[in-house]
Amino acid sequence: MQHLKNGKTYNGKIPFFVSEYGGIGWSLSKDAWGYGNTPDSPEAYLKRLKELTDVLLDNENMFALCYTQLTDVEQEQNGLYTYDRQPKFDPEIIHVIFSRKAAIED
């Protein structure tokens, strides 16, 4: 088993942190942009968000992740909330996606 520089492991695993992922574009403005192709529907957006998140949470070495980004900023409109902090999608669905138990917690 390899160890971190300081020799630490978590439950015998080498933990990893993804400091930025996501950024799925979702906007009605043609001047805005996000990462990748814009999904065709809200359902397609939520499916992509869940799949991206599940890949990370299913990795037994992933101890933390940070979605990019919470809110839209100027022309970069790939947040879960609009520029004026209104939810683009049902917050309960977003909560379910992000709050599931990670593999490292088993």
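**Entry 1: aromatic rings**

I began by fixing what I would count as a pair: two rings of Phe, Tyr or Trp, with the six-membered ring taken for Trp, pair if their centres lie within 6.5 Å. With that in hand I noted that Tyr 21, Tyr 67 and Phe 98 form one aromatic cluster. I kept in mind throughout that what I was reading is a predicted model.

I then searched the whole structure and found six aromatic pairs. One of them joins Trp 26 to Tyr 45, with 6.0 Å from centre to centre and 70° between the planes, and I wrote this pair down as edge-to-face. Looking up where the two residues sit, I found Trp 26 in the loop between strand 1 (16-22) and helix 1 (42-57), whereas Tyr 45 belongs to helix 1, so that the pair links distant parts of the chain, 19 residues apart.

**Entry 2: Tyr 45 again**

Is Tyr 45 buried or exposed? I read a relative accessibility of 0% for Tyr 45, which therefore counts as buried. I next followed the ring of Tyr 45 to that of Phe 89, where the centres are 4.2 Å apart and the planes stand at 15°, so I entered this pair as stacked; the angle falls under the 30 degrees that stacking requires. Phe 89 lies in the loop between strand 2 (62-68) and helix 2 (91-99), and with Tyr 45 in helix 1 the pair links distant parts of the chain, 44 residues apart. I also checked the partner's surroundings and noted that Phe 89 is buried, as Tyr 45 is.

**Entry 3: salt bridges within helix 1**

I turned to charged side chains and counted five salt bridges. One of these brings together the side chains of Glu 51 and Lys 47, at 2.6 Å from N to O. Both residues are in helix 1 and, because they are four residues apart there, about one helical turn separates them. I recorded Glu 51 as partly exposed at 41% relative accessibility, and Lys 47 as exposed at 51%.

Lys 50 forms a salt bridge with Asp 54, and I noted 2.5 Å between the closest N and O atoms. Here too the residues are four apart in helix 1, separated by about one helical turn. On the accessibility of these two, I found Lys 50 partly exposed at 41%, while Asp 54 is buried, with a relative accessible area of 14%.

**Entry 4: a bridge between separate segments**

Which parts of the chain does the pair of Arg 100 and Asp 58 tie together? The side chains of Arg 100 and Asp 58 meet in a salt bridge of 2.6 Å, N to O. Arg 100 lies in the segment after helix 2 and Asp 58 in the loop between helix 1 and strand 2, so the pair ties together parts 42 residues apart in sequence. I entered both as partly exposed, Arg 100 at 30% relative accessibility and Asp 58 with a relative accessible area of 48%. I then noted that Lys 50, Asp 54, Asp 58 and Arg 100 are linked in a network of salt bridges.

**Entry 5: the chain as a whole**

Last, I stepped back to the protein chain, whose secondary structure comes to two helices and two strands, following the pattern β-α-β-α along the sequence. Of its 106 residues, 31% are buried. Among contacts between residues at least 6 apart in sequence, I read that 57% join residues at least 24 apart. The chain exposes about 7200 Å², of which carbon and sulfur atoms supply 54%.

Technical notes. Residues are numbered from 1 along each chain as its sequence is written. This is a predicted model: local features need pLDDT of at least 70, side-chain atom pairs count only at pLDDT 80 or more; totals for chains, interfaces and linings use all residues. Side-chain values use heavy atoms; hydrogens and water are left out. Rings of Phe, Tyr and Trp (its six-membered ring) pair if their centres lie within 6.5 Å; planes under 30 degrees apart count as stacked, over 60 as edge-to-face and the rest as tilted. Buried means under 20% relative accessible area, exposed over 50%, partly exposed in between (1.4 Å probe, protein chains only). A salt bridge is a side-chain nitrogen of Lys or Arg within 4 Å of a carboxyl oxygen of Asp or Glu. Contact means heavy atoms within 4.5 Å. Accessible areas come from the Shrake-Rupley method with a 1.4 Å probe; for residues, only the protein chains shown count as cover.
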